[in-house]
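Trainee: I am new to this structure. Please pick one part of it and take me through that part closely, then show how it sits in the rest.

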Amino acid sequence: MRKYIFLLMMLPVALAAQTNTFGYFRYNKVLEQLPEYAQVCKDYEELKKKCDAEIVRNEEQLTRSYVAYLDGQNEFPEPILRKRQKELQELVDKSIAFREELQAWLVAAHDSLFTPLRAKVDDAVSRVCLHNNLAYIIDLDEAGYKFINPTCGFDITNALLGTLGIIVPEQQNATEGGEQAQQTVVKEGSVVKEGE
């Protein structure tokens, strides 16, 4: 009878231990491994270069207007001088507004380009979480955890990469026999070593 009572008392502890299992990974590390990541970065950099060139062109136009104002300020009558000052101030305000608008557009373009990649990683995270019956998954890049107890959770980075169809070289110490590092293929969240 005591055994049964002890087992019944330990059941909630065992269930709690199972529900406290969690996974962790570095979001950016997984994102950067996606095959389309390099192309998305390239596309974004091209957009950024075009925007930067337009900002430079706009600032050069503003500089030319300012230099023309400085060159003629001693020769202009008072009403023309005030008019030119007002025009110059309007150009400065428009230049600042243009730069802010372009930067906001660039942020939106960045988000738009990376949203499909993030959705792909998020989908893989949910599949690995459900497959491994994890209570939750922590993104180490965002959370900045100082310590994670490996007995309560495990690194799901390789499982995520495998779920995304990316072959991951396994991290091993070199053996005395000089064996090659094995490749790890992960399918549906389960790790399978090649050749097995």
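Mentor: Leu34 touches Leu117, Lys120, Val121, Leu164 and Ile166, leaving out residues up to four places away in sequence. Please keep in mind that this is a predicted model. Leu34 belongs to the largest nonpolar core, which has 22 residues. Within that core, Leu34 is one of four residues that touch the most other members, together with Phe25, Val121 and Leu160. Helices H2, H3, H4 and H6, the last spanning residues 157–163, each supply at least two residues of this core. H4 gives the largest share, seven residues. As a general background, nonpolar side chains in soluble globular proteins tend to be buried together.

Val30 offers a second view of this region. Its place is in helix H2. Val30 has a relative accessible area of 0% and so counts as buried, since the cut-off for that word is under 20%. Setting aside neighbours within four places in sequence, Val30 is in contact with Phe25, Val121, Thr157, Leu160, Leu161 and Leu164. Three of the residues that touch the most other core members, Phe25, Val121 and Leu160, are therefore among the contacts of Val30 under the 4.5 Å limit for heavy atoms. Val121 and Leu164 appear in the contact list of Leu34 and also in that of Val30. Val30 and Val121 are 91 residues apart along the chain, yet their C-alpha atoms are separated by 7.4 Å.

Now to helix H3, which also supplies at least two residues of the core. H3 covers residues 37–72, which makes 36 residues. From its first C-alpha to its last it reaches 53 Å, close to the 52 Å expected at 1.5 Å a residue. The buried residues of H3 are Tyr37, Val40, Tyr44, Cys51, Ile55, Asn58, Leu62, Tyr69 and Gly72. They pack against helix H2, residues 27–33, and helix H4, residues 78–131.

One name in that list has a polar side chain contact worth following. Asn58 lies in H3. Its relative accessibility is 17%, which is why Asn58 counts as buried when the limit is under 20%. Apart from residues up to four places away in sequence, Asn58 touches Ser95 and Phe98. With Ser95 there is also a polar contact, side chain to side chain, at 3.3 Å.

H3 carries charged pairs as well. In general, side chains of opposite charge can pair when their charged atoms come close. Lys48 forms a salt bridge with Asp52, and the closest N and O atoms are 3.4 Å apart. These two residues are four residues apart in H3, so about one helical turn separates them. Lys48 is partly exposed at a relative accessible area of 29%, and Asp52 is partly exposed at 34%. Arg57 and Glu54 form a salt bridge too, at 2.6 Å from N to O. Both lie in H3, three residues apart, which is about one turn of the helix. Arg57 is partly exposed with 44% relative accessibility, and Glu54 is partly exposed with 28%.

A search of the whole structure finds eight salt bridges. One of them joins the side chains of Asp141 and Arg26, at 3.3 Å from N to O. Asp141 lies in helix H5, residues 140–143, while Arg26 sits in the loop between strand S1, residues 22–25, and H2, so this pair ties together parts that are 115 residues apart in sequence. Asp141 is partly exposed at 30% relative accessibility, and Arg26 is partly exposed at 41%.

Finally, the frame around these parts. The protein has six helices and six strands. Starting from the N terminus, the elements run α-β-α-α-α-β-α-β-α-β-β-β. Of its 196 residues, 26% are buried. If one takes the contacts between residues at least 6 apart in sequence, 74% join residues at least 24 apart. The surface that the protein exposes comes to about 14,200 Å², and carbon and sulfur atoms supply 55% of it.

Note on methods. Residues are numbered from 1 along each chain as its sequence is written. This is a predicted model: local features need pLDDT of at least 70, side-chain atom pairs count only at pLDDT 80 or more; totals for chains, interfaces and linings use all residues. Side-chain values use heavy atoms; hydrogens and water are left out. The expected span of a helix is 1.5 Å times one less than its number of residues. Buried means under 20% relative accessible area, exposed over 50%, partly exposed in between (1.4 Å probe, protein chains only). Accessible areas come from the Shrake-Rupley method with a 1.4 Å probe; for residues, only the protein chains shown count as cover. A polar contact is a pair of N or O atoms within 3.5 Å; within protein, one must be able to donate a hydrogen and the other to accept it, and residues adjacent in sequence count only if both atoms are side-chain atoms. A salt bridge is a side-chain nitrogen of Lys or Arg within 4 Å of a carboxyl oxygen of Asp or Glu. A nonpolar core is a set of buried Ala, Val, Leu, Ile, Met, Phe, Trp, Tyr and Cys residues joined through side-chain atoms within 4.5 Å.
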